[in-house]
Amino acid sequence: MSHRDPHGEEAHGHGHHHGVSVDADRRCLTAALVLITGFLAVEVVVGLVAGSLALISDAGHMLTDAASILLALIAMRLAARKAGGAFTYGLQRAEVLSAQVNGLTLLLLAGYFLYEGVGRLINPLAVDGGWVVTTALAGIAVNVAATWLLAKADRTSLNVEGAFQHLLNDLYAFIGTAVSGVVVLVTGWNRADAVASLAVAALMAKAGWGLVRDAGRIFMEAAPREARPDEIGAKAAALEGVVEVHDLHVWEVSSGRPALSAHILVTPESDCHAVREAAEQLLHGGHGIRHTTLQVDHVPALVATGPVDHCVEPHGPVHRR
């Protein structure tokens, strides 16, 4: 049986699987957190003075932006801890949990602003368009800078992607708020503020659902979207000397870190080590799966009562040549 990870990640309990360092990611997130937190306080005051729901909704979203970045930083710290004790993979899924929380937060905010926006459409309130436009333009500048910082980090991590989606949606929100402020200034139509809030709510719902769905797939140990377990099993079964592949499982330890385990039966004359190496090459080179656990055995020997089974409770589809 072979347990291979060429990068030695199983020995350390974690691995950063991209070109940007963990420290660089943390610096990007910390800088974005400082920008967002500073502007948040200003926007709350202006939103109350101007009576703008769009600005208040932006401020509420920015608060979740700050929380999502802080949560992402904490999750990165936890994920970097060495594996040990009961946590044989370390705490890598803390990052996925962070993404799940970020997604749920976006969905809750979307529901709240949908409710408030509909209320403002029915009973519009007076809005100071000048304050709205000025603050929104400043918010666009802050969010462009913060979004750019997070775009430099590793977005293959759902954790970072969750914080990035918060900021990106906030940028869209500020653009919508600026447009609504101009409409109020030019036409006096105060309902434009509510319409902008509803548009932002729709964007929040879309981004939030995407994060919850992707994090949920990892928690349910589904195969990565780009992986095709049946195709992998068929290719492995077609290798020289292979008779059968079963107990094939493909999942993600954390976002961007796929893993695979399988039981491979080979003909009596085949070299188990050679077959295992061929299977690893197939998985590494053809499917980008570098964390593998393969059990390779010769086909069961026949006895008086029939074949001797290797697996007490075999499960999953069986792939044969």
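This is a short talk on one protein chain, its helices, its surface and its side-chain pairs.

Good morning. A word on the source. What you see is a predicted model. Please keep that in mind throughout.

Start with the overall picture. The chain has 321 residues, and 49% of them count as buried. Its secondary structure comprises nine helices and seven strands. Now the contacts. Take those with a separation of 6 or more: 75% of them join residues 24 or more positions apart. As for the outside, the accessible surface comes to about 15300 Å². Carbon and sulfur atoms hold 64% of that area.

Next, helix H2. It runs over residues 22–50, which is 29 residues. From first C-alpha to last, H2 reaches 41 Å. The expected value at 1.5 Å a residue is 42 Å, so the two are close. What comes just after H2? Gly 51, with a positive phi of about 70°.

H2 also takes us to the aromatic pairs. How many does the structure hold? Two. In one of them, Phe 39 meets Phe 174. The ring centres are 5.7 Å apart and the planes stand at 70°. Edge-to-face needs over 60 degrees, so this pair qualifies. Where do the two rings sit? Phe 39 is in helix H2, and Phe 174 is in helix H6. The pair therefore ties together parts 135 residues apart in sequence. Both Phe 39 and Phe 174 are buried.

The other pair is Tyr 112 with Phe 113. Here the centres are 5.2 Å apart, with 65° between the planes. That is edge-to-face too. Are the two residues buried or exposed? Phe 113 has 4% relative accessibility, so it counts as buried. Tyr 112 has 45%, so it counts as partly exposed.

Back to H6, now for the surface. Tyr 172, Ile 175, Val 179 and Leu 203 make a nonpolar patch of about 330 Å². Helix H6, residues 158–187, gives the most to the patch, with three residues. Val 179 lies in this helix. At 49% relative accessibility, Val 179 counts as partly exposed, because the exposed class begins over 50%.

Just ahead of H6 there is a residue to look at: Arg 155. It lies in the loop between H5, residues 129–151, and H6. Arg 155 is partly exposed, because its relative accessibility is 36%. What does Arg 155 touch? Leaving aside residues up to four places away in sequence, it touches Leu 150, Val 160, Glu 161 and Phe 164. Now compare sequence and space. Arg 155 and Asp 25 are 130 residues apart in sequence. Their C-alpha atoms are 9.7 Å apart.

On to charges. Side chains of opposite charge can pair when their charged atoms come close. This structure holds eight salt bridges. I will go through some of them.

Take Arg 120 and Asp 193. Their closest N and O atoms are 3.9 Å apart. The cut-off is 4 Å, so the pair counts. Arg 120 lies in helix H4, residues 94–122, and Asp 193 in helix H7, residues 191–219. So this bridge ties together parts 73 residues apart in sequence. Are Arg 120 and Asp 193 buried or exposed? Both are buried.

Now a bridge between strands. Glu 244 pairs with Arg 320, at 3.0 Å between the closest N and O atoms. Glu 244 is in strand E2, residues 242–254, and Arg 320 is in strand E7, residues 319–320. The pair therefore ties together parts 76 residues apart in sequence. The two partners fall in separate classes. At 13% relative accessibility, Glu 244 counts as buried. Arg 320, at 57%, is exposed.

Arg 276 and Glu 277 also meet in a salt bridge, 3.8 Å from N to O. Arg 276 has a relative accessible area of 11%, so it is buried. Glu 277 is at 46% and counts as partly exposed.

Last, a network. Which residues make it up? Arg 213, Asp 214 and Arg 225 are linked by salt bridges.

To close, two links to keep in mind. Phe 39 and Phe 174 join H2 to H6 through an aromatic pair. Arg 120 and Asp 193 join H4 to H7 through a salt bridge. Thank you.

Conventions. Residues are numbered from 1 along each chain as its sequence is written. This is a predicted model: local features need pLDDT of at least 70, side-chain atom pairs count only at pLDDT 80 or more; totals for chains, interfaces and linings use all residues. Side-chain values use heavy atoms; hydrogens and water are left out. Helices (H or I, at least four residues) and strands (E, at least two) are DSSP runs, numbered from the N terminus. Buried means under 20% relative accessible area, exposed over 50%, partly exposed in between (1.4 Å probe, protein chains only). Contact means heavy atoms within 4.5 Å. Accessible areas come from the Shrake-Rupley method with a 1.4 Å probe; for residues, only the protein chains shown count as cover. Patches are made of residues with over 30% relative accessible area and no salt bridge: like charges are joined within 9 Å, nonpolar side chains (Val, Leu, Ile, Met, Phe, Trp, Tyr) within 5 Å. A salt bridge is a side-chain nitrogen of Lys or Arg within 4 Å of a carboxyl oxygen of Asp or Glu. Rings of Phe, Tyr and Trp (its six-membered ring) pair if their centres lie within 6.5 Å; planes under 30 degrees apart count as stacked, over 60 as edge-to-face and the rest as tilted.
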